Amino acid sequence: MTEIPAEEKNVTSHSIRVDGETIQYDATAATKLIYDVEGNAIASWGYIAYTRTNGADKSDRPVTFVFNGGPGSSSIWLHMGAVGPKRVVLDDPEFNDSGYTLVDNEYSILDETDIVMVDPVGTGITRAVGKKKNSDFWGVEADISSISNFINSYINEYDRWASPKFLLGESYGTFRSAGLAPYLQNTYGIALDGIVLVSNVLDLRTITFGPEDDTSFILFLPAYAATAWYHEKVPNRPSELELFVDEARSFAYGAYSSALMKGDELGTAERNQVLDRLVRFTGLKREYLDRSNLRVTASAFFKELLAEEEMYVGRLDSRYKGYSMDPLAKDAIYDPQSAAISPPYQMAFMDYYHTELGFGKDKQYNFSAYSLPGFNWNWTRNAQGTYFPSSPTTVQDLRQAMILNPKMKVMVQNGYYDLATPFSGTEYTFDHMNLPDDLKDNIELTYYEAGHMFYINMPDMEKFRNDTIRFITED
């Protein structure tokens, strides 16, 4: 049994200029105990909240709960890259010097919504306590339940019941958000005003390249095309990215999909036609595509596109490239984008957390739960005993949430150069939700010319802020 620690809190006051206005705010770095239905403490939850102190009364002011994904990631990426009052300066899309620069984030959304940065169990300083173990929280259902518990507890402590409420999740955080929406409503009576899905994946079948399943090969092709276009590997390269992506979509969902569906029955003439077009859209050599049986996994693409230069392209952001670790390997061994941005983010956050926020120096902050013993995610779903998907998905959760709460809005934000959760996989998912026609108008898809963390590209950072603020504030 783990000893139950006392709750801790440090509140500091700050100001920042956002959109020409001075925003005064309190930053709360704290831990909060959450309890099970029998009143037993089950986790000590670390969080950082930003609350505006000049402007609208908190009852009228939105509050947005923000988290990254993984599963098993802390929230520092959205925190220090997009929504918070500080941001890390990057030499995007290049590798940075060994240090870091932290500046006021003039693109923060704090002028229009209070922000709560959420670190799930095993990340940040959030840990299981009492009779619970960290591993009890490492699964789809347990994660949804525990984060809902925290959100309910926070709303109750800080009297935010009347505030408009939003979720903003990235990557697995989108998968999580779709599950949280109906759970919050069914369990705690909390109806959300909206969800922002950053680099979305609700159905893991769209990204896993499963055996005898051609879905991922089809859905990754438009993102491969965008990447090949960016790195100038496209024969007769058109001048506009969007037009080339549209052309790739048509091929992927038409001739390419048809060819893959035929399997061994695909005729030679049709195969050759498809190969020729794959060369155009992927930038890969015809011989390689032929030997790959028209099917190239994402990891193979990362390694192969710039193979002649002995370079990899990034998984999270394919604009990035880095030196090959093993030119003879079939797949990429590391992600250049992650290698480029992780150190400055992590160093900047720890300095900020310990000094400006004055918190956590006596605690171990985990950027990822993978650093803890026994981390292994339980993908089993019961979805209230009514839905048993063949692969992990929260598509039906989001559909249920939108039907139960037809006023809830959804904004889906996609990066063209995201090869972790490609934009066409998102398009496929929302085209197959089978929503009532009226509810389809509640969904908006937006696009950015960067990758998974598109906000590291400054033009997209400004667009992200404008899109997100418009979404949160519009009726």
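This report describes helix packing, enclosed and open spaces, aromatic pairs and some backbone details in a predicted model.

## Two helices that pack together

Helix H4, which covers residues 215-230, packs with helix H6, which covers residues 268-282, and the axes of the two helices are 7 Å apart and make an angle of about 55°. That angle makes H4 oblique to H6, because the oblique class takes in the angles that are left once the roughly parallel, roughly antiparallel and roughly perpendicular ranges have been set aside.

On the H4 side the contact is made by Leu-221, Tyr-224, Ala-225 and Ala-228, and on the H6 side by Leu-278, Phe-281 and Thr-282. When these residues of the contact are sorted by class, 6 are nonpolar and 1 is polar, while no charged residues take part.

## The second largest cavity

The model has 2 cavities of 30 Å³ or more, and the second largest of them holds about 40 Å³ of space. Its lining consists of Phe-217, Leu-221, Tyr-224, Tyr-256, Leu-278, Thr-282, Leu-289, Leu-294, Arg-295 and Val-296.

Helices H4 and H6 each supply at least two residues of this lining, and H4 gives the most, with 3 residues. Leu-221 and Tyr-224 of H4, and Leu-278 and Thr-282 of H6, therefore appear both in the helix contact and in the lining of the second largest cavity. By class, the lining of this cavity has 8 nonpolar residues, 1 polar residue and 1 charged residue.

## The largest cavity

The largest cavity has a volume of about 50 Å³. Among the residues that line the largest cavity are Gly-72, Pro-120, Val-121, Phe-137, Trp-138, Asp-143 and Arg-176, together with Ala-369, Phe-375 and Trp-377. The full lining of the largest cavity divides into 7 nonpolar, 3 polar and 2 charged residues.

## The largest pocket

The largest pocket has a volume of about 730 Å³. This pocket is lined by 32 residues, and those that lie nearest its centre are Gly-70, Ser-73, Ser-171, Arg-315 and Leu-316. Strand S9 (165-171) and helix H9 (336-356) are the elements that give two or more residues to the lining of the largest pocket, and the largest share, 5 residues, comes from H9.

By class, the lining of the largest pocket has 15 nonpolar, 14 polar and 3 charged residues.

## Aromatic pairs

The structure holds 37 aromatic pairs. One of them is formed by Phe-209 and Phe-220, whose ring centres are 4.8 Å apart and whose planes make an angle of 45°, an arrangement that counts as tilted. Phe-209 lies in the loop between strand S10 (194-200) and H4, whereas Phe-220 lies in helix H4, so the pair ties together parts that are 11 residues apart in sequence.

## Details of the backbone

Two peptide bonds that lead into a proline deserve a careful look. The bond from Gly-70 to Pro-71 is cis, with omega near -5°, and Pro-71 is found in the loop between strand S4 (63-67) and helix H1 (76-83). A cis peptide bond also joins Asp-92 and Pro-93, with omega about 0°, and Pro-93 is found in the loop between strand S5 (86-88) and strand S6 (102-104).

Glu-310 is a residue other than glycine that has a positive phi, with a value near 55°. Glu-310 has its place in the loop between helix H8 (298-304) and strand S11 (311-313).

How values were computed: Residues are numbered from 1 along each chain as its sequence is written. This is a predicted model: local features need pLDDT of at least 70, side-chain atom pairs count only at pLDDT 80 or more; totals for chains, interfaces and linings use all residues. Side-chain values use heavy atoms; hydrogens and water are left out. Axes are lines fitted to C-alpha atoms, for helices over the stretch in contact, and angles run from 0 to 180 degrees between N-to-C directions. Helices (H or I, at least four residues) and strands (E, at least two) are DSSP runs, numbered from the N terminus. Angles under 35 degrees count as roughly parallel, over 145 as roughly antiparallel, 65 to 115 as roughly perpendicular and the rest as oblique. Contact means heavy atoms within 4.5 Å. Ala, Val, Leu, Ile, Met, Phe, Trp, Tyr, Cys and Pro count as nonpolar, Asp, Glu, Lys and Arg as charged, and the others, Gly among them, as polar. On a 1 Å grid over the protein atoms alone, a cavity is a set of points where a 1.4 Å probe fits but cannot get out, and a pocket is an open set with protein on both sides within 12 Å along at least five of seven lines; lining residues have an atom within 4 Å of a point. Grid points are joined across faces, edges and corners, and a volume is the space filled by probe spheres set on the points. Rings of Phe, Tyr and Trp (its six-membered ring) pair if their centres lie within 6.5 Å; planes under 30 degrees apart count as stacked, over 60 as edge-to-face and the rest as tilted.
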